[in-house]
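Good morning, colleagues. Thank you for making time for this short presentation. Please take a moment to look at the sequence and the model before I begin.

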Amino acid sequence: MPTITVTGANGHLGRLVVQHLLQKGVNPADLRVSVRDMSKAADLHAQGIDVRHGDFDDFASIRDAFSGSDSVLIISTDRVGSRIEQHLRAVRAAKEAGVKHLAYTSLVKAVINQQTNAEAPLAVEHRATEKAIFESGITYTILRNSFYAEFLVTPVVQALASGVYMSSIGDTPLGCAVRTDYAEAAALVLTQPGHENQVYELTTPKAWTVSDLVQVVQKVSGKILDYQQQVSDTDMISAMRAAGASESDAQMAVGMNQMIRSGMLSLVAPDLEQVLGHAVTSLEDQVRSMLKTG
Ligand SMILES: NC(=O)c1ccc[n+]([C@@H]2O[C@H](COP(=O)([O-])OP(=O)(O)OC[C@H]3O[C@@H](n4cnc5c(N)ncnc54)[C@H](OP(=O)(O)O)[C@@H]3O)[C@@H](O)[C@H]2O)c1
């Protein structure tokens, strides 16, 4: 079995990719992770996985971590603003290390604002990375993930505590899956043939709305929520702060609503289910898992 390296394996998504690879029968001896803090990956080492130090800010560390790997999954870092340099360094390291297949977690095309046709700032870093990968000549698979449904955990949990689901996005449709679906898709493209030089728009095949979400939350929790769907951003921040949310959580929720309102998360596509070979996690199961993690 070829050696597969996963970066960011101490992060949420990376951990899930490793779990899915193991569940799909990859021998731990054929698996490597590249992490900044090796002590946090002690459990992976104990399972027989090769744990290497790899920091995208340190070229030699990632070139060495990738060396001898047939496939590498580059998980985009969370350092928004520094990611072009970091990711381009990782692509160059993969090239120097002789990696044959490079997969990368990008962001859906939907981050083009449907109203203004402008590309979202977050997307710029991903597009630059994709370009570097195409130009590297390495066989690639681009995993353009939509947003993680886990971002809705905070508003859902707060709504259950207060009895009010406040939103400012009306019935704008949403297409976003849970991390485990994206992680399983990544594990599959790393272990199956047929994904070479493909760009996948990984989102749900059917959109849902916040009205649908509220209905499902009510069904799963057994609680009735007062759904206020046309709240202004300012009122939302005030209400969330009054309910005990931190300023940053309140700002994040409002920022999320602004993105949703602009249609950035409305893209739907069959790619995720096609790669998975089964249905994506249903909205009801997404909510069940949100309530568990919340
Ligand atoms: N589609 C979406 O909705 C969405 C939302 C949030 C994030 N994302 C993207 O998806 C990625 C994975 O998500 P997640 O939930 O797993 O995020 P996460 O748990 O915050 O993980 C971020 C990962 O980035 C790694 N990282 C940061 N700086 C690095 C560096 N200099 N060199 C190597 N690795 C570095 C971290 O490594 P350490 O463990 O060593 O700190 C960590 O594993 C995020 O980093 C972000 O690019 C997408």
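I shall describe the surroundings of the ligand, beginning with the chain as a whole. Please bear in mind that this is a predicted model.

The domain assignment divides the protein chain into domain 1, residues 4-145, and domain 2, which is made up of 147-177 + 204-267 + 278-294. The C-alpha centres of domain 1 and domain 2 are 29 Å apart.

Where does the ligand lie with respect to these domains? Domain 1 and domain 2 both contribute residues to the shell around the ligand, and therefore the ligand lies between them. The space that the ligand takes is the largest pocket. Two elements each give two or more residues to the shell, namely α1 (12-23) and α4 (83-96).

Let us turn to the shell itself. There are 22 residues around the ligand, and those that come nearest are His12, Leu13, Arg36, Ser76 and Thr77. Sorted by class, the shell comprises seven nonpolar, eight polar and seven charged residues.

Which atoms does the ligand meet in polar contacts? At Thr77, a backbone N or O atom lies 2.8 Å from an oxygen atom of the ligand. At Ser146, a polar backbone atom is 3.0 Å from a nitrogen atom of the ligand. Arg179 uses its side chain instead: a polar atom there lies 2.9 Å from a ligand oxygen atom.

Finally, I come to coverage. On its own, the ligand has 880 Å² of accessible area, of which the protein covers 85%.

Key. Residues are numbered from 1 along each chain as its sequence is written. This is a predicted model: local features need pLDDT of at least 70, side-chain atom pairs count only at pLDDT 80 or more; totals for chains, interfaces and linings use all residues. Side-chain values use heavy atoms; hydrogens and water are left out. A residue is near a molecule or strand if one of its heavy atoms lies within 4 Å of it. A polar contact is a pair of N or O atoms within 3.5 Å; within protein, one must be able to donate a hydrogen and the other to accept it, and residues adjacent in sequence count only if both atoms are side-chain atoms. Accessible areas come from the Shrake-Rupley method with a 1.4 Å probe; for residues, only the protein chains shown count as cover. On a 1 Å grid over the protein atoms alone, a cavity is a set of points where a 1.4 Å probe fits but cannot get out, and a pocket is an open set with protein on both sides within 12 Å along at least five of seven lines; lining residues have an atom within 4 Å of a point. A molecule sits in a cavity or pocket if more than half of its atoms lie within 2 Å of its grid points. Helices (H or I, at least four residues) and strands (E, at least two) are DSSP runs, numbered from the N terminus. Ala, Val, Leu, Ile, Met, Phe, Trp, Tyr, Cys and Pro count as nonpolar, Asp, Glu, Lys and Arg as charged, and the others, Gly among them, as polar. Domain bounds come from an automatic or database domain assignment.
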